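Work through the exercises below with the model open. Try each task before reading its solution.

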Amino acid sequence: MKKKLSLVKIGGNVMESKNELAKFLQLFSELQGPKILVHGGGKLATELGVKLGVEAQMVGGRRITDAQNLEIITMVYGGLANKNIVAQLQASHCNAIGLSGADANTIKAYKRPVREIDFGFVGDVESVNTKNIERLLQGGFTPVFCAITHDGNGQLFNTNADTIASEIAIGMSEMYETTLYYCFEKKGVLLNITDKDSVIKNIDSNSYQDLLHKKIIADGMLPKLENCFYALQKNVNKVCIGDISMLRPASTVYTTITL
Ligand SMILES: Nc1ncnc2c1ncn2[C@@H]1O[C@H](COP(=O)(O)OP(=O)(O)O)[C@@H](O)[C@H]1O
Ligand SMILES: CC(=O)N[C@@H](CCC(=O)OP(=O)(O)O)C(=O)O
């Protein structure tokens with residue numbers, strides 16, 4: 001029987017609140033068994049860009065990343081956000097190690113092909129080095145990934161954090177029974193975005209089409225759900241979306257995605 005692995009992605013809205021982030025990291029550190037954290041930070045990068053006079057442009061939930069934006073996201077995701085998270089986890093006795101996809105050659109990517117839009121230094125994942133991630137887990141470390149990948153020739157890329165989470169979960173599913181948790185600021189996927197308690201308990205391929213058709217799913221939820229179904233199709237055991245309380249063992253209010 002395969003061992004269990006928890007892979008948790010935390011989004012930028014939660015990370016913006018020091019209080020919420022601290023609560024999340026406490027819950028994450030209490031999770032039993034091997035675990036991996038992937039964090040976003042898109043909002044923090046946009047805010048630093050404003051301070052530095054560098055404009056952010058998002059298309060289809062992805063940041064158009066020119067050379068200046070690449071510098072900003074490297075500073076924010078790989079530096080400020082990642083190191084603060086790692087330090088807080090260490091304070092909770094979770095032996096975290098901060099990584100970009102370049103570290104230990106864990107995630108290789110290639111430049112997103114130019115179709116209608118040139119996204120600049122945005123990378124699509126080519127491969128996940130599951131052996132090196134497994135070595136870290138075996139060594140008792142908890143890997144904490146930011147949303148940065150590399151091409152193996154010295155070029156860093158900006159890669160959507162939801163995608164990094166699904167790709168790592170898919171890779172690790174060869175060795176582990178993996179649960180992928182997408183944590184964000186709402187209790188789950190909502191039937192009515194203005195009603196915080198209208199959580200949809202389960203979304204399967206059929207109801208997904210219906211929700212898309214009715215435009216109940218929009219904005220950042222579109223790529224998130226695409227990643228959920230992709231992960232399930234590629235053998236990730238369980239995928240759920242919810243707020244930070246989803247990590248409590250007794251939690252029942254969140255959205256489970258099934259094929
Ligand atoms: N039906 C829905 N239920 C919940 N959130 C939704 C829904 N449709 C769109 N959204 C939006 O999706 C956002 C989450 O996507 P995103 O901002 O990319 O998350 P993250 O914080 O994980 O990066 C929510 O903040 C919400 O505004
Ligand atoms: C290519 C691309 O769009 N990358 C994202 C990476 C960060 C991210 O995904 O952050 P959240 O999870 O907080 O949205 C960005 O720069 O916004």
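**Exercise 1.** Find which helices each supply at least two residues of the shell around ligand 1.

*Solution.* Start with the helices: α1 (12-16) and α8 (221-233) each supply at least two. Helices (H or I, at least four residues) and strands (E, at least two) are DSSP runs, numbered from the N terminus. Next, list the residues that come nearest: Gly11, Phe184, Leu190, Gly220 and Met221, of 16 around the ligand. A residue counts as near if its C-beta atom, placed from the backbone, lies within 6 Å.

This is a predicted model: local features need pLDDT of at least 70, side-chain atom pairs count only at pLDDT 80 or more, and totals for chains, interfaces and linings use all residues. Residues are numbered from 1 along each chain as its sequence is written, with chains lettered from A and ligands numbered from 1 in the order in which they are written.

**Exercise 2.** Check the span of α8 against its 13 residues.

*Solution.* Take 1.5 Å times one less than the number of residues. That gives an expected 18 Å, and the end C-alpha atoms are 18 Å apart, which agrees.

**Exercise 3.** Decide where the buried residues of α8 fall, seen down its axis.

*Solution.* List them: Lys224, Leu225, Asn227, Cys228, Ala231 and Leu232. Buried means 20 or more other C-beta atoms within 10 Å of the residue's own, C-beta atoms being placed from the backbone. These residues fall within an arc of 155 degrees, so they line one face of the helix. The arc is that of the directions from the helix axis to the C-beta atoms. Just after α8, asparagine 235 takes a positive phi of about 80 degrees.

Notes. A residue is buried if 20 or more other C-beta atoms lie within 10 Å of its own, exposed if 12 or fewer, and partly exposed in between; C-beta atoms are placed from the backbone.
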